[in-house]
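Trainee: Hello! Could you show me how to read a protein model, one feature at a time?

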Amino acid sequence: MIWTLPIEFETRIDRLLGEHNLSLSKTTKLADAILELSDFYIHEPGKPTPWHRHGTIAAHLAYYFPLNYIRSLGLVHEAKKVGFLDDSDELVDFGAGLSPLIAASGLTSSYCVEQGERCEDIFKRLVPKANTKWHSEIETVKRHKRHILCLSYSLNELTEIPEWLYSFERVIIMEPSDRISGRKLLEMRQKFIEKGFYIWAPCTHQLECPLLKESKTDWCHTREFWNMPLWFQKIENHLPMKNRTLTYSYLMVSRTPPGKKISDHARLTGDLLKEKGKSRQLFCRSDKREFLAWLSRDGEAPEWKRGELVKIIGTPKVVGNEIRTSEISLIEQLFFH
Ligand SMILES: C[S@@+](CC[C@H](N)C(=O)[O-])C[C@H]1O[C@@H](n2cnc3c(N)ncnc32)[C@H](O)[C@@H]1O
């Protein structure tokens with residue numbers, strides 16, 4: 001799937017930037033604001049976004065909102081695919097910021113929890129269709145079976161994992177795809193299992209994570225492809241960070257177990273690696289770190305994207321940690337209801 005930022009956001013973002021004497025064509029000034037906030041995020045982990053600072057709103061409007069909107073399109077697609085989310089659910093977006101997740105979810109009724117004072121007003125003009133109730137503290141949001149607690153890039157602004165996280169029936173967490181955040185999420189996955197939750201995605205099993213168990217450096221992350229708008233490319237030309245594809249780590253957990261069909265599948269957790277004589281792709285279906293392998297003499301390996309679900313048919317040949325088979329079908333649509 002290749003995602004696109006809806007065209008109406010360009011007009012709305014440009015109009016909102018105008019209130020800060022900026023516009024999407026002032027690419028150097030926007031890049032400066034983005035770099036300043038990016039430095040803050042890198043050097044001050046555990047501290048809340050400085051919404052009061054000059055440039056923070058502009059950086060979110062022109063950079064973080066579009067990027068996390070695209071990531072969220074992928075996340076919501078996956079949540080629907082495995083039957084975790086449906087249209088009657090309500091998201092509770094903790095640390096919502098300008099809430100790209102609720103914007104991308106298409107759900108009409110949701111909750112945002114946010115300390116940044118101007119976020120609610122900006123969000124309502126950015127996503128006028130959304131019917132969202134805003135809270136400044138999570139304690140004032142009622143717990144309900146239909147509610148899914150979501151944390152999109154906000155866990156890393158908390159100094160410790162809060163206990164209220166476990167008071168919701170369902171939780172979605174999206175985090176940056178760097179090694180530290182990614183491995184922290186793998187540890188949280190184990191904690192959720194110990195607290196009686198079931199993992200719905202990305203894992204197709206409830207066993208220990210093989211990347212945590214068998215490696216000190218690996219972490220699980222997925223990748224989205226998008227049509228980068230021209231205005232975004234022009235801003236990015238001034239930045240050292242490149243966003244041709246967008247990676248992130250995520251977790252979807254619930255107090256109820258996933259449908260049985262999920263455990264018939266495996267998740268591609270790596271990109272295709274072309275080696276001499278064969279191609280390999282890391283995948284996950286249990287607590288073993290395994291690869292799918294295609295020998296060059298059997299033809300080209302399929303171009304399957306990291307993050308997809310696959311179904312292994314029959315009993316393929318196993319050599320060490322490699323599964324050698326051509327009988328694997330890519331599952332794009334998987335609905336359980
Ligand atoms: C990195 S931003 C992410 C914003 C948005 N979720 C996104 O994906 O773009 C993290 C957000 O968490 C908010 N935040 C941090 N600590 C918070 C707290 N204790 N209560 C409410 N919001 C908080 C910050 O104000 C900030 O808007």
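Mentor: Happy to! Let us begin with an idea we need for the ligand: a polar contact is a pair of N or O atoms within 3.5 Å. Keep in mind that this is a predicted model. Here, a polar backbone atom of G95 is 2.8 Å from a nitrogen atom of the ligand.

Trainee: Which residues come nearest to the ligand?

Mentor: There are 16 residues around the ligand, and W51, N68, G95, E114 and S152 come nearest. Side chains take part too: a polar side-chain atom of S152 lies 2.6 Å from a ligand oxygen atom, and one of W51 lies 2.9 Å from an oxygen atom of the ligand.

Trainee: Thanks! Now, how is the protein divided into domains?

Mentor: Domain 1 covers 2–258 and domain 2 covers 262–331. Taken over C-alpha atoms, their centres are 29 Å apart.

Trainee: How do I read the interface, and how many residues of each domain are in contact?

Mentor: Look at contacts and buried area together. In domain 1, 25 residues are in contact with 20 residues of domain 2. The two domains bury about 1800 Å² between them, with 54% of it on carbon and sulfur atoms. On the domain 1 side, T204, P210 and R223 lose the most area to domain 2, together 30% of what that side buries.

Trainee: What about charged and polar pairs across that interface?

Mentor: Five salt bridges are found between domain 1 and domain 2. One more count to note is that of residue pairs in polar contact across the interface, which comes to 10. The side of domain 1 that touches domain 2 draws at least two residues from each of α3 (56–81), β7 (198–201), α7 (210–214) and β8 (222–227). That side divides into 12 nonpolar, five polar and eight charged residues.

Trainee: How do I recognise a salt bridge?

Mentor: Look for a side-chain nitrogen of Lys or Arg within 4 Å of a carboxyl oxygen of Asp or Glu. By that rule, the count here comes to 23 salt bridges. K213 and D287 form one, with their closest N and O atoms 3.4 Å apart. In the salt bridge of R267 with E78, the closest N and O atoms are 2.7 Å apart.

Trainee: Why does the pair of R267 and E78 tie together parts that are apart in sequence?

Mentor: R267 lies in strand β10 (residues 265–268) while E78 is in helix α3, so the pair links parts 189 residues apart in sequence.

Trainee: And how do I spot something unusual in the backbone?

Mentor: Start from the general pattern: most peptide bonds are trans, and most residues other than glycine have a negative phi. In this model, a cis peptide bond joins A201 and P202, with omega about 5°. P202 sits in the loop between β7 and α7.

Trainee: Where does N21 lie, and what is its phi?

Mentor: N21 is in the loop between α1 (8–18) and α2 (27–43). Its phi is near 55°, a positive value in a residue other than glycine.

Conventions: Residues numbered from 1 in each chain as written. Predicted model: local features only at pLDDT ≥ 70, side-chain atom pairs only at ≥ 80, totals over all residues. Heavy atoms only, no water. Domains from an automatic or database assignment. Contact = heavy atoms within 4.5 Å. Buried area = accessible area lost by both parts, 1.4 Å probe. Polar contact = N/O pair within 3.5 Å; in protein donor to acceptor, adjacent residues only side chain to side chain. Helix = DSSP H or I, 4+ residues; strand = E, 2+ residues; numbered from the N terminus. Nonpolar A, V, L, I, M, F, W, Y, C, P; charged D, E, K, R; others polar. Near = heavy atom within 4 Å.
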